[in-house]
Amino acid sequence: MHPAVKKLYRSLKRNIPRGSRVLLAVSGGTDSLAMADGAAMLMEEGWLTASVLHVEHGIRGDEALHDAVLVEKFCSERCLPYKCIHVDVPACRAEKKLSLEAAARFLRYEALQREAEAVNAGYIVTGHQLDDQAETVLLRLLRGTASSGLGAMKMRTGNILRPLLHLTRDDLEAYCTERNIICCHDSSNDDMAYTRNRIRHELLPYLEKNYNRSVKKSLAQTAELLREDEEFFAGLVKKLLSERAAAENGDLLLDTRDWEQIVAPVRRRLLRECYFLYGGGELGYRHTTALDKICLTGHSGKVLRLPAGIAAGYAYGKLRFSREIKSGEKGFSIECGDDFNGRKFTVPGGEVVLEILSGEKPPMGKGRVIYPLQLCSGKIELRSRRTGDSFKPYSGTGGKKLKDYFIDKKIPREDRNGKILVCCGEKILGILGMDNGAFVHGNYDKWLVAKFIPEGSENGNE
């Protein structure tokens, strides 16, 4: 067996489990045809069962259709079941606002996953090799990325297998020459408008000639080491996420107390992971550093707009990731009239029931406001805060500006407008869900009771 053939054969056998049913991703280029040819040999030996999917991207016209015919002929000669799927990359690019390469990758893997499920394949096998690894590292390094972005592709990611990652493009070309395999030539690989092509045809050859003849291997090794480091950090971040992150009303809330006690590399990874979990992509250095600074300085009210329509707002030891940082409910005011006893009033987030009770003072609770009716000398009103409001809480020692009260209670600025005040004239009788207003002790026999019933609740919250 020729050395190039032996190398590929052993790599496939070592990395594809015996008895597997696999779907081969075959474009028609040297890498994928060498991989498919080796898989066909293993299928003859009974090592695996394979079928082929060729994805035509709709961007190269007749040339791409010619490639599909060539791949179909190749499969027919080796008794490999073949299927071709046509996708519309330009349309996807416009709809999702992706680069042409990213749109092609998205549709390709979407098609591969669907077909793998249809044929009950346990693995999707690709022809990625060492040169691809080196090109990817340089591409991401030039664009700027965290160390996680420089990590190597793995032999296995989920159900994706890449058994040829330790082989070079020269190895695979030698294989195809030895096996007399006619390969397709993708003319888009010669287009220097694509950064990856300039790296492949200009930068890497220059580095090999002038700096390091084994630069591809060195880059691949560096990527592998970085990947191992990232797996270690990922374990730390996963633990912190379970301890500090939680969903709340459609937002993601991160506890940032004692933030400085977490080492900076882990902090930054934790922030990027929260952003990713909330629906973002890869968060750049500038935004990550800005988020970290907000958490370190601890200045409540800070809001940072992030890509993908996500915003992060800091308040009192919490960083909230939201599609749109809430500015609170718009100001509202409900005059309850003279016949409010037993009536329900709709307010933001639920309803308020007003009652008049006789006898001893009813029990207080965060879901209700209790106030002597004899001390109510004006119209009862349910409303949101206003500029200049003052409040004397029942649990406190004196009055203060409502703004200062909210600050003391660590209520984020964006949540303050949503607090429901029970008022009589200018006097705040209490804040539903927070505190009762203070009143002079005396012999009272009639009581105003305001009870909040959250939306979707039958009995309210005492």
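Guide: A salt bridge is a side-chain nitrogen of Lys or Arg within 4 Å of a carboxyl oxygen of Asp or Glu. The model discussed here is predicted, so local features need pLDDT of at least 70 and side-chain atom pairs count only at pLDDT 80 or more, whereas totals for chains, interfaces and linings use all residues. Residues are numbered from 1 along each chain as its sequence is written, and side-chain values use heavy atoms, with hydrogens and water left out.

Visitor: Why is the pair Lys 13 and Glu 45 called a salt bridge?

Guide: The closest N and O atoms of Lys 13 and Glu 45 are 3.6 Å apart. The cut-off is 4 Å, so the pair qualifies as a salt bridge.

Visitor: What makes this pair a tie between parts of the chain?

Guide: Lys 13 lies in helix 1 (residues 3-15), while Glu 45 lies in the loop between helix 2 (30-44) and strand 2 (48-56), so the salt bridge ties together parts 32 residues apart in sequence. Helices (H or I, at least four residues) and strands (E, at least two) are DSSP runs, numbered from the N terminus.

Visitor: Why are Lys 13 and Glu 45 called partly exposed?

Guide: Buried means under 20% relative accessible area, exposed over 50%, and partly exposed in between (1.4 Å probe, protein chains only). Lys 13 has 26% and Glu 45 has 45%, so both residues fall in the intermediate class.

Visitor: Are Arg 78 and Asp 37 buried or exposed, and what makes them a salt bridge?

Guide: Their side chains meet at 2.7 Å, N to O, which satisfies the salt-bridge cut-off. The pair links distant parts of the chain, with Arg 78 in the loop between helix 3 (62-77) and strand 3 (82-86) and Asp 37 in helix 2, 41 residues apart. Arg 78 counts as buried at 19% relative accessibility, and Asp 37 is buried at 1%.

Visitor: How do you know that Asp 338 and Lys 379 form a salt bridge, and which accessibility classes do Asp 338 and Lys 379 belong to?

Guide: The N to O distance is 2.9 Å, so the criterion is met. Asp 338 is in the loop between strand 12 (333-335) and strand 13 (343-347), and Lys 379 is in the loop between strand 15 (368-372) and strand 16 (380-383). Asp 338 counts as exposed at 69%, whereas Lys 379 is partly exposed at 46%.

Visitor: How many salt bridges does the whole structure hold, and which residues are linked in a network?

Guide: A search of the whole structure finds 32 salt bridges. Asp 131, Asp 132, Glu 135, Arg 169, Arg 196, Arg 200, Glu 208 and Lys 216 are linked in a network of them.

Visitor: Why is Arg 14 called exposed?

Guide: Arg 14, placed in helix 1, has a relative accessible area of 60%, so it passes the 50% limit for exposed residues.

Visitor: How do you know how the protein compares with a compact globule?

Guide: The secondary structure comes to 14 helices and 22 strands. The radius of gyration is 33 Å, well over the 23 Å that the globule rule gives for 462 residues, so the protein is more spread out than a compact globule. That radius is taken over C-alpha atoms, and the rule is 2.2 Å times the number of residues to the power 0.38. The C-alpha atoms fill a box of roughly 105 × 45 × 40 Å along the principal axes. Buried residues make up 44% of the 462 residues.
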